[in-house]
Amino acid sequence: MTGYGREAGIDFDFHGTVANTLDAHRLIQHYQEELGPEAADKIVDSLYAHYFTLRAHPSASEMLLKAATVAGIDETRAKAFIDDEYEGLQETKMLLREQARNGVDSMNDDHPKQVPYIIIEGKRRDFTLVGAKETSEYLKSLEAVAHEAS
């Protein structure tokens, strides 16, 4: 990852705090539902940038608030959501459980799963890409789906 980052101008620092990210997922999910994928993408980009380059705590309230405001969300509104630790919690947990049932981000001795875990639904078959992959591997899967659909 460090090499990929360097090529893209990102100086990864993998020595930050490892912590529970449930509140970050809750924030992302809430604003994705409320404002759409563009807002969620901006939140994710901000969280990743601060976590992977500046060692910021991934679920600290001030970090979540900064990510929300970077996404254009009113600070007062975002703070109220972040401070209410129960708002959106059950929905987020349900979605995380659904992903776990699909094997995403779970570990066992026989089949470790990694993030990202991408499933591309094809007409005749699905393609699953697990872990960091080269761009060419994503392209190959997408081209196969397009070919099968024609």
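**Entry 1: a word to settle before looking**

I call a residue buried when its relative accessible area is under 20%, exposed when that area is over 50%, and partly exposed in between. With that in hand I looked up helix α5, where Ala 78, Phe 81 and Ile 82 are buried. Seen down the axis of α5, these buried residues fall within an arc of 95°, so they line one face of the helix. I then asked what the buried residues of α5 pack against, and I noted α2 and α4 as the partners. I keep in mind throughout that the model is a predicted one.

**Entry 2: the whole protein**

I stepped back to the overall layout and noted seven helices and two strands in the protein. Read along the sequence, the elements come in the pattern α-α-α-α-α-α-β-β-α. The C-alpha trace spans about 50 × 35 × 35 Å along its principal axes, and buried residues make up 31% of the 150 residues. I also looked up how contacts are spread along the chain: among those between residues at least 6 apart in sequence, 47% join residues at least 24 apart.

For the surface, I wrote down an accessible area of about 10300 Å², of which 51% belongs to carbon and sulfur atoms. For the charges, I found 16 positive and 27 negative ones, and their mean positions are 4 Å apart.

**Entry 3: helix α4 and what covers it**

Next I turned to α4, which takes in residues 61-70, and I listed its buried residues as Met 63, Leu 64, Leu 65, Ala 67 and Ala 68. The cover over these buried residues includes α2, α3 and α5. Just after α4 I came to Gly 72, which takes a positive phi of about 90°.

**Entry 4: Leu 47, a residue of α3**

I chose Leu 47, which is found in helix α3 (residues 37-54). Is Leu 47 buried or exposed? Leu 47 is buried, because its relative accessible area is 8% and the cut-off for buried is under 20%. I then looked up which residues touch Leu 47, leaving aside its neighbours within four places in sequence, and the contacts are Ala 24, Ile 28, Pro 58, Met 63, Leu 64 and Ala 67. Of these names I had already met Met 63, Leu 64 and Ala 67 among the buried residues of α4. I also checked the spacing between Leu 47 and Glu 34, which are 13 residues apart along the chain, and their C-alpha atoms are separated by 19 Å.

**Entry 5: Gln 29 in α2**

I went to α2, residues 22-35, in which Gln 29 has its place. Gln 29 counts as buried because its relative accessibility is 18%, and the cut-off is under 20%. Leaving aside its neighbours within four places in sequence, Gln 29 is in contact with Thr 92 and Leu 95.

**Entry 6: a backbone angle at Arg 55**

I looked next at Arg 55, which lies in the loop between α3 and α4. Most residues other than glycine have a negative phi. Arg 55, although not a glycine, has a positive phi of about 65°. With a relative accessibility of 43%, Arg 55 counts as partly exposed.

**Entry 7: helix α7, the last in the pattern**

My final stop was α7, residues 135-149, which has 15 residues and reaches 21 Å from its first C-alpha to its last, close to the 21 Å expected at 1.5 Å a residue. The buried residues of α7 are Ser 141, Val 145 and Glu 148. These buried residues are on the same side of α7 because they cover an arc of only 70° around the axis. On the other side of α7 I noted Thr 135, Ser 136, Lys 140 and His 147 as exposed. What do the buried residues of α7 pack against? They pack against the strands β1 (117-121) and β2 (126-130).

I followed one of these residues further, since Glu 148 of α7 is buried with a relative accessible area of 10%. Not counting residues up to four places away in sequence, Glu 148 touches Lys 123, Arg 124, Arg 125 and Phe 127. I closed the page with a spacing: Glu 148 and Gly 122 are 26 residues apart along the chain, and their C-alpha atoms are separated by 7.3 Å.

Definitions and conventions. Residues numbered from 1 in each chain as written. Predicted model: local features only at pLDDT ≥ 70, side-chain atom pairs only at ≥ 80, totals over all residues. Heavy atoms only, no water. Helix = DSSP H or I, 4+ residues; strand = E, 2+ residues; numbered from the N terminus. Expected span 1.5 Å × (residues − 1). Buried < 20%, exposed > 50% of the residue type's maximum accessible area, 1.4 Å probe, protein only. Arc of directions from axis to C-beta. Contact = heavy atoms within 4.5 Å. Areas by Shrake-Rupley, 256 points an atom, 1.4 Å probe, with all protein chains shown as cover. Lys, Arg positive; Asp, Glu negative; His and termini not counted. Charge placed at Lys NZ, Arg CZ, Asp CG, Glu CD.
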